Amino acid sequence: ASIVASDPLRIDRVAIRAEPGAAGGRLHLEATVSNGRSAPARVRIRAEIEDAAGRPAGSFPSAEVELAAGTGGKLEVEAAIAGARPWSPASPALYRARTLLIEGDAPVDAVSTRFGFRKVEVEGSRILLNGEPIFLVGFNRHEDSPRTGMAVDLEMARSDFAAMKAMGCNYVRLCHYPHHPGELDLCDELGLAV
């Protein structure tokens with residue numbers, strides 16, 4: 001567990017949709033922001049993207065908006081990322097978006113998010129990942145552990161997911177309740193569709 005202290009002007013959530021394309025990938029990033037201050041604020045976001053090796057892949061600003069005191073809003077960035085590698089179970093290429101909330105010229109908050117470029121579609125009875133058919137092989141996994149019981153244990157989750165990959169799996173079904181977001185991040189990292 002953790003406690004996060006932030007400015008009352010802050011990023012609440014970042015959502016990313018990233019799909020591969022012919023020359024790289026398309027990125028749509030949406031930041032939900034709140035102005036908990038007692039005065040209006042003029043803000044924008046900037047998405048700084050790093051590739052799978054940690055090299056800069058682009059920096060993309062949004063338009064500036066004014067948020068009244070005690071309100072919130074959404075700021076968006078659309079960008080083309082040249083040479084982006086698609087994510088797949090065989091090649092789980094992950095990128096990182098550092099989303100900065102900027103007032104004037106000063107960042108007041110930042111959120112870091114890992115993501116992959118991928119597109120899932122259904123064509124008849126086939127599932128396509130990045131335009132190619134994928135046959136899903138995997139297991140169901142409950143969020144339980146001998147150490148923590150029915151509570152999150154990311155070390156045990158990593159061990160379970162790595163064992164699934166070693167057995168040739170490319171996906172995991174997480175049970176019928178919300179799992180810790182760290183488990184989804186581990187699956188992205190190891191190359192397991194969820």
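In the predicted model, Glu123 has Arg126 of strand β10 as its bridge partner. This pair belongs to a wider contact between two strands. Four bridges join β9 to β10, which spans residues 126-129. The two strands run antiparallel.

A third strand completes the arrangement. The sheet is open, and its three strands follow the order β9-β10-β11. Their pairing is antiparallel. Strands β9 (120-123) and β11 (132-133) form the edges, and each of them pairs on one side only.

Strand β9 also contains Val120. This residue has a relative accessible area of 61%. The cut-off for an exposed residue is over 50%, so Val120 counts as exposed. Val120 is also part of a nonpolar patch on the surface. The other members of the patch are Val122, Ile127 and Leu136. Together, the four residues have about 350 Å² of accessible area.

A separate feature is the largest pocket. The space within this pocket is about 660 Å³. Its lining consists of 21 residues. Nearest the centre of the pocket lie Val14, Ala15, Ile16, Thr113 and Arg114.

Two strands can be named as contributors to this lining. Strands β1 (9-21) and β8 (106-115) each supply at least two of the lining residues. The largest share comes from β1, which provides nine residues.

Key. Residues numbered from 1 in each chain as written. Predicted model: local features only at pLDDT ≥ 70, side-chain atom pairs only at ≥ 80, totals over all residues. Heavy atoms only, no water. Pairing = 2+ DSSP bridges. Patch = residues over 30% accessible without salt bridge, like charges linked within 9 Å, V, L, I, M, F, W, Y side chains within 5 Å. Areas by Shrake-Rupley, 256 points an atom, 1.4 Å probe, with all protein chains shown as cover. Salt bridge = Lys/Arg side-chain N within 4 Å of Asp/Glu carboxyl O. Buried < 20%, exposed > 50% of the residue type's maximum accessible area, 1.4 Å probe, protein only. 1 Å grid on protein atoms, 1.4 Å probe; cavity = no way out; pocket = protein on both sides within 12 Å on 5 of 7 lines; lining within 4 Å. Points joined across faces, edges and corners; volume = space filled by probe spheres on them.
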